[in-house]
Structure formats: C-alpha cells, structure tokens
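Please look through the structure below with the sequence at hand. The text that follows goes through a few of its helices and two single residues.

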Amino acid sequence: MEKKVILTGDRPTGKLHIGHYIGSLKNRVMLQNSGKYRPFIMIADTQALTDNARNPEKIRNSLIQVALDYLAVGIDPEISTIFVQSQIPALFELTAYYMDLVTVSRLERNPTVKTEIGQKGFNDSIPVGFLNYPVSQAADITAFKASLVPAGDDQEPMIEQAREIVRTFNRVYNCDVLVEPKGYFPEDGSGRLPGLDGNAKMSKSLNNAIYLSDDAETVQKKVMSMYTDPDHIHVEDPGKIEGNTVFTYLDIFDPDKDKVAQLKEDYQKGGLGDVKIKRYLNKVLEAELAPIRERRAKFAEDEAAVYEMLIEGSKKANEVANETLQQVRSAIGLNYFD
Ligand code: TRP
C-alpha cells in the first residue's frame, strides 16, 4: 500500500524553541519513525517573508538554524524530505490558481490571520502576501497531496481553509486531483507550552523561550528565572499549582507522573521551595535536551553537508510538486499544447 503523505513546516524567523518541540516537532519525529508515512518537511521562507519582506537577512540566517534544529530532534532526511519553500516554483503557480477560488473576506475571517494582524500591528496596512498566506499554505499542503498535517493547534484554521480550497477546486474543475488534508495536533493539554514568564505563549518576540540550541548553563539560568507562584514567599508557605509555570512544564516533560503528583502535594502543603522544584525541572529538561543539543552540535560542524541535504530535498520536492501542478493545469484546462 502506498504510504500516506505528511506535509508540515516552520517559518525560519529564528531558532526553534522547546515550544515548537512540544507543539509539533516531537509528533513529527514519532510519525516519521512509525514507518507508516512519507513525510515532507518544509522550511517556509517565503511565508516568513510575508511579514518580513524588509528584513530578508533574518530569514536567510535562520534557514540553517531551523535545518539544524530539525536534524537535532531526529528528523531523518533518509526518511523525511526536508526542503525549502522558495525553491519550489510550482507552489507559487498553485497559489495563483487557488487565489481565484477564495474571497478576501474569507481570508480576513481566518482566526489565525486575524490574531496575527493584531499582534503585528498591521492595522490598515496588511501586506497582500500576508493576508494571502493561508492560500499559499494550501498550495504547500496540496502540492504533495498530503493527507496529514502535524502542527501546533494554532494551525487548525489554516488546515480548515486548505480543506475548503481542495473541495472547491475539485468541485469547480470537476476532478479529484487534490487531496483533503487532516490536522494532527498534540494531545489535549500537552501541546501548548507557556513562556518562562507565565505568558500563554512561548515566543522569541516575548523573550521567554528556551531554545533547542541553548547550552546547559543557559537553560539552567532560564529555569531559575521562571514564573512560579508570586505569593509563595517563604519556603514554609503553601504554594499554588495553577498557573505555576514550573509545574506546567513538569506535567509536560516529566515521564514520572507519581513524582510530579508528590511534588505538587508537598508544594501545596508548604515547605517545598521554588529553587528546589526548579532544580528538579532543570534535571528533567536536561534529560530531554542534552541529546538534542549534542546532535545539533555534531551537525553544525558541517554546514555544507546540511545545505547539500536541503538541495537534495528540494530536488525531490520539486519532482512531486511539478507532477501535481501538471494535473492541476490539466484540470483547469490550461494544457493547450499536450
Ligand atoms: N504556518 C506555519 C507556521 O507558521 C508554517 C507553514 C507553512 C506550514 N506552510 C505550511 C505548516 C504547511 C503546515 C503546513 O509555523
């Protein structure tokens, strides 16, 4: 039986952090290693440009960082095709055809786009390319006929919009060329890592992230600075668990659930200090991050080989995307010269 195709990706606007890891990377590696899928992993540099057009250096410099992060967490280019969005011309042609099937108001209603427009302060000066990025993302997904898109739950509206485009395209052009994708999200409660400061989101711009590339000392410093219970002043005071970032992280990262339950109990009773739970969390994080960090450093020794891997991946991706593009052109009736 033919393997189901997976497509997913990340915008290269910086190094990836442990929020990306928990929200999406970990699932990708698990799906990859199940042997049941054919995964394509895309570095979405063109999408990153939609709100960084005047700062292309940032994207350029981040490309290799994201590639290293992928390899570090265990994405294996022998199994998963890692490629670069801007190097796949078919994606832009597909985007052009899909744009004619989507209304401006539908894009403006896309919840993720809406939130981002607010966050980025675009107000009335939204770049056309930015508003259109859900359409371009539909091209990314459909070019590979992906049926599964493992991503963070903020990507759900993108996948929904892609599904709509697929249905519209197949109906309007009376064909079954495009495949409807499904999202694959982390289990409830385990997919969203708050920032070190307790903010709901870990992000570079909020300066509250632990990066996959951070060294052990940096991670420890960051853990020691984490937001806990502001009313837990003396060790003997009873502490709060709700909204206490250290315990949220322990719930997500510590495989020893009994131990975490015991720590919570002790903390709530009073007598367990913040420094102690932070030291423990640091140990738990290190168990997961140390091997990733070591692999990353190894791959970073030979950047030329990483670029070579991206060239190879992009070549493979072009073959697949071009084939879909030909089918799309034929379905619309643009195959005049066949
Ligand atoms: N929007 C995704 C992000 O911001 C990146 C992305 C681009 C993507 N194209 C995609 C994710 C296709 C999944 C499928 O991280």
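The crossing of helices H3 and H13 is right-handed. The model shown here is predicted. H3 covers residues 56-73 and H13 covers residues 274-300. Two packed helices are described by the angle between their axes and the distance between the axes. For H3 and H13 the angle is about 130°, and the axes are 8 Å apart. Angles over 145 degrees would count as roughly antiparallel and those of 65 to 115 as roughly perpendicular, and H3 and H13 are therefore oblique to each other.

On the H3 side, the contact is made by Gln65, Leu68, Asp69, Leu71, Ala72 and Val73. H13 contributes Ile292, Arg295, Arg296, Phe299 and Ala300. Sorted by class, the contact of H3 with H13 has seven nonpolar residues, one polar residue and three charged residues.

Helix H1 is next, at residues 18-33. H1 bends by about 45° at Ser24. Is Ser24 itself buried or exposed? Ser24 is buried, and on either side of it in the sequence Gly23 and Leu25 are buried too. The buried residues of H1 also include Ile18, Gly19, Tyr21 and Ile22, and further along Asn27, Arg28, Val29, Leu31 and Gln32. Because twelve of the 16 residues of H1 are buried, the helix is largely enclosed by the rest of the structure. Just after H1 comes Gly35, with a positive phi of about 75°.

Two single residues remain. Asn318 is placed in helix H14, which spans residues 303-332. The relative accessibility of Asn318 is 18%. Buried means under 20%, so Asn318 counts as buried. Which residues does Asn318 touch, leaving aside its neighbours within four places in sequence? Asn318 is in contact with Gln87, Ile88 and Pro89.

Arg192 lies in a loop, between strand S5 (182-184) and helix H10 (216-224). At 40% relative accessibility Arg192 falls between the cut-offs of 20% for buried and 50% for exposed, so Arg192 counts as partly exposed. Apart from its neighbours within four places in sequence, Arg192 is in contact with Asp153, Asp154, Ala200, Lys201 and Ile252. Arg192 and Ala297 are 105 residues apart in sequence, and their C-alpha atoms are 27 Å apart in space.

Methods
Residues are numbered from 1 along each chain as its sequence is written. This is a predicted model: local features need pLDDT of at least 70, side-chain atom pairs count only at pLDDT 80 or more; totals for chains, interfaces and linings use all residues. Side-chain values use heavy atoms; hydrogens and water are left out. Helices (H or I, at least four residues) and strands (E, at least two) are DSSP runs, numbered from the N terminus. Buried means under 20% relative accessible area, exposed over 50%, partly exposed in between (1.4 Å probe, protein chains only). Contact means heavy atoms within 4.5 Å. Axes are lines fitted to C-alpha atoms, for helices over the stretch in contact, and angles run from 0 to 180 degrees between N-to-C directions. Angles under 35 degrees count as roughly parallel, over 145 as roughly antiparallel, 65 to 115 as roughly perpendicular and the rest as oblique. A crossing is left-handed if the near helix is turned anticlockwise from the far one by less than a right angle, and right-handed if clockwise. Ala, Val, Leu, Ile, Met, Phe, Trp, Tyr, Cys and Pro count as nonpolar, Asp, Glu, Lys and Arg as charged, and the others, Gly among them, as polar. The bend at a residue is the angle between axes fitted to the seven residues ending there and the seven starting there.
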